[in-house]
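Here is a short set of exercises to work through with the model open beside you. Try each task before you read its solution.

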Number of protein chains: 2
Amino acid sequence: MTPPRDALSHDRVLQAALALADAHGLDALSMRRLGAELGVEAMSLYRHVPNKEALLDAMVDAIVRSWIDAGDAASTDWRDRLGAIMHRAHATMLARPWSVELITVRPRVGEGRLRYAEAVTTALLEAGFTPQLAHHGLHIVDGTIMGFTAQQARRPTAVALGDRVQALADGSLAHEYPGISRTIREHHDHDEEYALMVDLVIEGLARLRDGEAPRRTGLGANYALAIS
Amino acid sequence: MTPPRDALSHDRVLQAALALADAHGLDALSMRRLGAELGVEAMSLYRHVPNKEALLDAMVDAIVRSWIDAGDAASTDWRDRLGAIMHRAHATMLARPWSVELITVRPRVGEGRLRYAEAVTTALLEAGFTPQLAHHGLHIVDGTIMGFTAQQARRPTAVALGDRVQALADGSLAHEYPGISRTIREHHDHDEEYALMVDLVIEGLARLRDGEAPRRTGLGANYALAIS
DNA sequence: GGTCGATAGCTTACGACGTAAGCATACAGC
DNA sequence: GCTGTATGCTTACGTCGTAAGCTATCGACC
């Protein structure tokens with residue numbers, strides 16, 4: 001059967017879902033609305049997607065896949081390779097703010113995430129990290145990307161919604177929160193801030209590899225035990 | 001009117017919501033079920049809580065509030081103060097895995113979050129950081145806590161759900177993903193890994209304060225522009 | 001002590017949501 | 001032309017958050 005020009009397919013559904021989230025946010029992405037966007041009833045989508053969860057997973061993987069680039073491996077400097085990945089991940093997520101939430105919450109390991117993890121891991125291994133340390137490094141890089149980006153992505157909302165943020169900015173809470181009041185008025189370039197952290201992390205990883213014992217603040221377990 | 005022993009109140013609703021999430025996860029927290037748990041109809045809750053969103057925000061703030069401790073300020077060493085906060089935050093979130101998702105997604109600035117931000121900021125300011133750098137430091141610390149913890153919290157799920165993770169562990173995907181296959185079999189202590197990152201970040205902040213120019217991997221903006 | 005206003009909880013109802021089950025259509029291969 | 005299979009539609013169920021209005025209880029005051 002030659003499908004008509006506008007036949008559905010897994011990919012068409014996926015693309016429409018991405019477009020809908022881009023246009024109206026993640027909350028607007030319901031199966032009914034997605035169907036409508038495709039000129040089709042909601043239930044028809046289930047011919048091409050097992051359920052909504054799987055669709056969300058596919059969306060996540062499509063995005064994570066774009067974090068890496070075939071050209072990365074060409075660079076010989078592992079710092080550049082890692083930096084490129086981290087900045088690309090940051091930029092692509094900020095371009096679709098809804099994706100941050102989605103990626104944070106859905107841990108399914110798909111093709112894209114595997115390729116990304118592989119790229120980071122091999123960069124570290126080739127740079128002389130032990131397998132143990134490379135594994136830690138992957139988690140540290142991952143945490144850095146997600147944590148910083150998540151925080152940055154939700155900052156505009158925080159400003160828009162937080163009545164208190166205004167009070168802080170105009171100084172009326174200066175007595176209660178002197179520290180924040182003093183720092184909040186600075187001008188901040190968030191992209192530059194991220195670059196700062198990326199370099200901080202990469203430099204820290206290099207020092208770990210080189211066996212320079214970090215000045216320990218005390219074993220983490222102590223704190224964990226102290227409060228549990 | 002003396003309320004009967006079991007009268008509702010904002011606090012009782014909040015505590016019940018926390019308990020329900022602890023016991024059955026965030027998905028189980030519906031207004032109907034929460035009401036049932038309190039022996040009350042769903043709509044009765046709305047006398048004490050404006051809507052579900054506000055309840056979730058209150059839950060978040062109750063948790064974030066526990067990240068700091070009055071004793072922190074007593075310590076003179078800023079590394080210890082920061083380390084204590086970061087480890088406490090990590091531990092309290094892991095103790096309630098559902099909170100990670102909630103905190104990541106809801107950026108409302110409440111009392112607890114302000115106090116936490118203030119504690120981190122003043123620790124940095126008192127350690128000689130410029131206001132500008134202290135502000136960056138807060139975001140870096142925040143990103144580190146959330147990113148790493150989020151990733152760790154969802155890792156068990158990733159293992160449970162990812163059919164591929166098994167394939168990686170037993171080596172059948174070694175050809176496609178040699179790097180991950182090599183590192184995934186290492187034994188990992190995740191708390192120790194977090195301690196590693198905390199020290200890495202604190203040490204990196206110290207170097208920023210001391211004006212040691214990090215070895216730049218190239219300006220972040222370059223990457224961002226290259227792909228957008 | 002009778003009345004009154006406020007408070008707390010209940011009832012009903014609406015419009016979303018994800019999706020199970022079964023039906024209708026339309027094509028490909030014979 | 002017949003038949004099997006793939007595709008999309010229809011209907012329906014149980015869930016959700018919450019708007020609107022009702023009822024019952026109780027302290028405060030005349």
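**Exercise 1. Decide whether B:Asp57 is buried or exposed, then find its salt-bridge partner.**

Step 1. B:Asp57 has a relative accessible area of 15%, so the residue counts as buried; the cut-offs are under 20% for buried, over 50% for exposed and partly exposed in between, with a 1.4 Å probe and protein chains only.

Step 2. Salt bridges that share partners join B:Asp57 with B:Glu53, B:Arg106 and B:Arg108 in one network. A salt bridge here is a side-chain nitrogen of Lys or Arg within 4 Å of a carboxyl oxygen of Asp or Glu.

Step 3. Within that network, the side chains of B:Asp57 and B:Arg106 meet at 2.5 Å, N to O. B:Asp57 sits in helix H3 (residues 52–65) of chain B and B:Arg106 in the loop between helix H5 (97–105) and helix H6 (111–126), so their bridge ties together parts 49 residues apart in sequence. Helices (H or I, at least four residues) and strands (E, at least two) are DSSP runs, numbered from the N terminus.

Step 4. B:Arg106 is buried too, because its relative accessible area is 11%.

A word on the ground rules: this is a predicted model, in which local features need pLDDT of at least 70 and side-chain atom pairs count only at pLDDT 80 or more, while totals for chains, interfaces and linings use all residues. Residues are numbered from 1 along each chain as its sequence is written, chains are lettered from A and ligands numbered from 1 in the order written, and side-chain values use heavy atoms, leaving out hydrogens and water.

**Exercise 2. Describe the salt bridge between A:Arg65 and A:Asp61.**

Step 1. Their side chains meet at 3.8 Å, N to O.

Step 2. Both residues lie in helix H3 of chain A, four residues apart, about one turn of the helix. An α-helix has 3.6 residues a turn, so residues three or four places apart point the same way.

Step 3. A:Asp61 is buried at 10% relative accessible area, whereas A:Arg65 is partly exposed at 33%.

Step 4. For the wider setting, the whole structure holds 21 salt bridges over all chains.

**Exercise 3. Check the length of helix H11 of chain A and look at what flanks it.**

Step 1. The helix covers residues 190–209, and its 20 residues should span 28 Å at 1.5 Å a residue; the expected span is 1.5 Å times one less than the number of residues.

Step 2. The end C-alpha atoms are 29 Å apart, which agrees.

Step 3. At the N-terminal end, A:Asp189 acts as the cap, with a side-chain oxygen 3.0 Å from the backbone nitrogen of A:Asp191.

Step 4. Just after the helix, A:Gly211 takes a positive phi of about 75°.

Step 5. H11 of chain A is mostly covered, with 15 of its 20 residues buried.

**Exercise 4. What relation links chain B to chain A?**

Step 1. A rotation of 180° with 0.0 Å of shift along its axis superposes chain B on chain A, at an RMSD of 0.0 Å. The fit is by least squares on C-alpha atoms of residues with pLDDT of at least 70 in both copies.

Step 2. That is the relation of a two-fold axis.

Step 3. In chain B, the C-alpha nearest the axis belongs to B:Gly147, 1.7 Å away.

Step 4. Both copies use the same surface, as 100% of the contact residues of chain B recur in chain A; contact means heavy atoms within 4.5 Å.

Key:
Polar contact = N/O pair within 3.5 Å; in protein donor to acceptor, adjacent residues only side chain to side chain.
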